[in-house]
Amino acid sequence: MQSSSYVQGQWVTGEGGKTVLNAVTGEPVARVSSDGIDFAGMLDYARTQVGPRLRALTFHQRALQLKALAQTLMADKERFYKLSTATGATRTDSWVDIDGGIGTLFTYASKGRRELPNATFALDGNPEPMSRHGSFIGQHIQTPLEGVAVHINAFNFPCWGMLEKFAANYLAGMPAIVKPATQTAFVTEEMVRAIVDSGLIEEGALQLISGGVGDLLDHVTCQDVVTFTGSANTGRKLKQHPAIVENATRFSMEADSLNFLALGPDAEPDTPEFKLAVKEVMREMTVKAGQKCTAIRRVLVARDHQQAFIDALSEKLDKVVVGNPEAEGVTMGALASRDQVEEVRARIADLQQGAKIVYGDPARCEVVDADADKGAFVGPVLLSTDTPFAHSEIHTIEAFGPVATIMPYETTEEAVALARLGGGSLVGSIVTHDAGFARAMTLGCAPFHGRLLVLDRDCAKESTGHGSPMPMLVHGGPGRAGGGEELGGMRAVFHYMQRSALQGSPDMLADIIDHWLPGGKREQTDRHPFQKHFDELEIGDAILTDAREITLDDIEHFANFTGDTFYAHMDEDAAKANPFFDGRVAHGYYIVSLAAGLFVEPNPGPVLANYGVDNLRFMTPAYPGDALKVALTCKQKTKRENTEYGEVRWDATVTNQNDEVVAQYDVLTMVATTDWTPEAEETAAA
C-alpha cells in the first residue's frame with residue numbers, strides 16, 4: 001500500500017518514498033512518503049483552528065473522550081494485531097504495544113476525572129501566604145500551552161509509542177502531530193485511521209506524518225512541545241535544532257540505554273530470586289526480539305554465581321523458538337528490518353572487544369516457517385566478561401536486539417559502580433531478598449536511573465516486570481537515556497501546560513481561579529449552605545457557628561464510647577508530663593465530630609453524601625473549658641459530567657475562645673443540582 005498522512009483534517013497520499021518490507025517474509029508492505037505536505041500549515045491549523053476548540057473543553061470532558069476512544073479501539077484491536085505481525089511481532093509483543101497503548105488511554109481518562117477539576121485549568125499545590133495579615137497571597141496554576149505537541153517516535157512500539165504521549169497531551173488540552181518511524185508507520189497509520197473514523201475526539205487534534213518531517217521543526221515556537229523517542233545521537237541533533245534552541249521550545253527525549261539487572265549475592269541458584277532473575281533476563285531478551293529501550297543489556301551477578309547464571313539462562317534460551325510469529329510454537333519473532341539485523345551484528349562485534357559469546361551465534365539463526373535469509377532474524381546472543389571494569393564497550397555500546405552481557409561483581413559497592421557506568425539509564429532491576437543489598441543498590445543507583453524495580457519472591461506474582469513502563473510512573477532517565485520524562489500521571493499532563501505563579505489578594509485570586517483562599521471573604525446568609533443546591537452555591541458561602549464548650553465528661557464519654565483511652569485524654573499527670581500538653585486534652589476526632597455537630601444542617605436537603613476529609617491537621621490542643629466554634633466555607637465546586645450533582649469542597653476551620661486555630665481540614669460532599677431527583681439518578685446510572 002502507499003502510506004498516507006492525516007493533514008489538516010484530510011488524508012494526503014505522498015508519492016514514491018521508501019519501500020518498507022515485511023520483517024518476516026521480506027516482501028514489500030508499504031511505500032512511505034510525506035512529499036507535498038505543508039508542514040508549516042499543519043502547525044498553523046493545529047494552533048489556530050484545533051487548539052481553541054480543544055482548550056474550551058474541561059479536563060473531565062476530554063477524559064471522557066479518551067475513555068470512549070479507548071473502548072472503541074479495544075473493541076477493534078484485531079485489525080492492529082493483523083498488521084503488527086508484519087513488523088516481526090508475536091502475539092505477546094503486539095499485546096504490549098496495542099493493549100498497552102490503549103490501556104494508557106484508559107489510565108489517563110480515569111486519572112483525569114479523579115485528579116483534575118472539571119475546569120479548563122488546574123491549581124498546582126497549596127496557596128502560599130505572603131503577608132503578615134493575610135491580604136497578599138500566592139497560588140500556582142497550570143494552563144494549557146497554546147501550541148502543538150510534536151511527537152517523533154521510534155519503530156519498536158508503533159501504537160503504544162503514540163498513545164502514551166497522546167493521552168497526556170490531549171488531556172492537557174493540546175493538539176498533536178505524530179511522526180512514527182518509517183519502518184512501522186503503516187501500523188500507526190491504521191490506528192490513526194481508526195481514531196479519526198471514530199469521531200470521538202476533536203477533529204484535527206491528531207495529525208499524522210508518514211515519512212520525513214521536512215521543515216516542520218523550523219516553525220516551532222515557545223508554545224510548542226517536541227518529544228523524541230529513539231537513538232541518543234538523533235535525539236541530540238534534534239535538541240540542537242536552531243528553532244528549538246532560539247525559542248526555548250520544550251524538548252523531551254527518551255533514548256535507548258544500557259539498562260541493568262543486578263542479582264543480589266543472597267540469591268543462590270536454588271533461591272526464588274535466582275530463578276526470577278533468569279526468567280526476567282530471558283523475557284527481556286526475547287520480547288519484541290529485544291527491541292525495547294527498557295530491555296536488560298547488562299546483568300550483574302556475584303562472581304561465585306556467574307557460571308551458574310550463564311548455565312541457567314542458556315537452558316531457558318534453548319527453549320526459545322524463533323520464526324514466523326503466526327506459526328504455532330514460535331516465541332520470538334523478527335527484528336524490524338534487515339538493516340536492524342546488520343546493525344545488531346555490528347554492535348555484537350563491538351561488544352566482543354570486551355566480552356565473549358557464551359550462547360548463540362549472531363551470524364546463524366534457525367527459524368520456523370520463514371526464510372532466515374529473507375526475514376530479519378537474529379537469535380538470542382548472550383555474552384560474558386570476567387573483567388567488567390576493564391572494558392568500556394560493554395557499558396557504552398548497545399546491540400538493540402536479543403542481546404545481553406553478564407558481568408561479575410565482588411562487593412555491593414562494585415555492583416553499584418557497574419550499574420552507574422551506563423551513564424544514565426531508563427530502568428534498573430535489583431533482584432534480591434536482602435533489604436540491605438536492595439537499599440544500598442537503590443540509593444546508589446537512583447541518581448542515574450529513571451525507574452528501579454526491586455523484585456523478590458513477595459512481589460513477583462503481581463509485578464509488571466523490568467521492562468513495563470506504567471502510566472502512573474515516570475518513564476525516562478538521566479544522561480544517556482535522554483534526560484526526559486514521559487508518563488508519570490499528572491507529571492506528563494503538566495508537561496504540556498504552563499505553570500504560572502499568581503499573586504494578589506485572596507478575594508481577587510478567588511474570583512480568577514474559582515477557589516476560595518485563606519483570608520478571603522465569607523458570605524454568611526440566613527439560608528444554611530447545606531440547603532443550597534450545587535448550582536445555587538457560590539464560592540465563599542459560609543456558616544459561622546456558635547461556640548460549644550468542651551467538658552471533661554465529653555472527653556471521658558468519647559473515650560469510653562470509642563475505646564480510645566490514650567493517656568493524654570485520661571491521665572492528668574501523664575498528660576502534663578507530655579511536653580506538648582498542659583493537662584488532659586480532647587481527642588482530635590472528638591473535635592472533628594463536635595465541629596460537624598455545629599455546622600451540619602440535619603434536615604433533608606441537596607447534600608447527598610459526605611465522602612471524605614482531606615488535609616486534616618490539629619494545630620492547638622483543646623482542653624476542658626475551651627469553647628470551640630467553626631467557620632465552614634464553600635471552597636471549590638466541581639460539576640460531574642453526565643450527572644445531576646457535583647463535588648463541593650468546604651474549608652473547615654475550628655477555633656477556640658482565643659481565636660487560635662485548633663483544627664483545619666477540607667470536608668468533601670456530593671451536592672445535588674436543582675434538577676436532581678432519585679429517579680433521574682437511577683436513569684443516569686443505568
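A pocket, as the word is used here, is an open set of grid points with protein on both sides within 12 Å along at least five of seven lines. In this predicted model, the second largest pocket holds about 940 Å³ of space. Its lining is made up of 40 residues, and those nearest its centre are F155, S231, D256, Q340 and F400. Four elements each give two or more residues to this lining: β3 (18-21), β10 (225-230), α7 (232-239) and α11 (338-351). Of these, α11 provides the largest share, with five residues. Sorted by class, the lining of the second largest pocket has 13 nonpolar, 16 polar and eleven charged residues.

The largest pocket has a volume of about 1,200 Å³. It is lined by 40 residues, and L123, H515, Q636, R649 and D666 lie nearest its centre. Several elements supply at least two lining residues each, among them the helices α4 (91-115) and α15 (490-494). The strands β25 (607-618), β26 (627-639), β27 (645-655) and β28 (661-672) do likewise. Strand β5 (122-129) gives the most to the lining of the largest pocket, namely seven residues. In this lining, 18 residues are nonpolar, nine are polar and 13 are charged. Pockets of this kind can be found because rolling a probe the size of a water molecule over the atoms shows where empty space is left.

Strand β10, one of the elements lining the second largest pocket, can be followed further. How many of the six residues of β10 are buried? Six of the six are, so the strand is largely enclosed by the rest of the structure. A residue counts as buried when its relative accessible area is under 20%. In a regular strand the side chains alternate between the two faces of the sheet. In β10, V225, T227 and T229 lie on one side, while V226, F228 and G230 lie on the other, and both faces are covered.

Which strands pair with β10? One is β7 (residues 149-152), which runs parallel to β10 and is joined to it by four bridges. Within this pairing, H151 has T227 of β10 as its bridge partner. Another is β11 (residues 250-255), which also pairs with β10 in the parallel sense, over six bridges. Here V226 stands opposite F251 of β11.

Just ahead of β7 is a loop that joins it to β6 (137-144), and G147 is found in this loop. Is G147 buried or exposed? Its relative accessibility is 0%, so G147 counts as buried. Leaving aside neighbours within four places in sequence, G147 is in contact with R47, M174, P175, Q223 and D224. The C-alpha atoms of G147 and A492 are 16 Å apart in space, although the two residues are 345 residues apart in sequence.

The protein chain as a whole can now be described. Its secondary structure comes to 21 helices and 28 strands. The C-alpha atoms fill a box of roughly 90 × 60 × 50 Å along the principal axes. The chain has 686 residues, and 55% of them count as buried. Of the contacts with a separation of 6 or more, 75% are between residues 24 or more positions apart. The chain exposes about 28,700 Å², of which carbon and sulfur atoms supply 49%.

Methods. Residues numbered from 1 in each chain as written. Predicted model: local features only at pLDDT ≥ 70, side-chain atom pairs only at ≥ 80, totals over all residues. Heavy atoms only, no water. 1 Å grid on protein atoms, 1.4 Å probe; cavity = no way out; pocket = protein on both sides within 12 Å on 5 of 7 lines; lining within 4 Å. Points joined across faces, edges and corners; volume = space filled by probe spheres on them. Nonpolar A, V, L, I, M, F, W, Y, C, P; charged D, E, K, R; others polar. Buried < 20%, exposed > 50% of the residue type's maximum accessible area, 1.4 Å probe, protein only. Pairing = 2+ DSSP bridges. Contact = heavy atoms within 4.5 Å. Areas by Shrake-Rupley, 256 points an atom, 1.4 Å probe, with all protein chains shown as cover.
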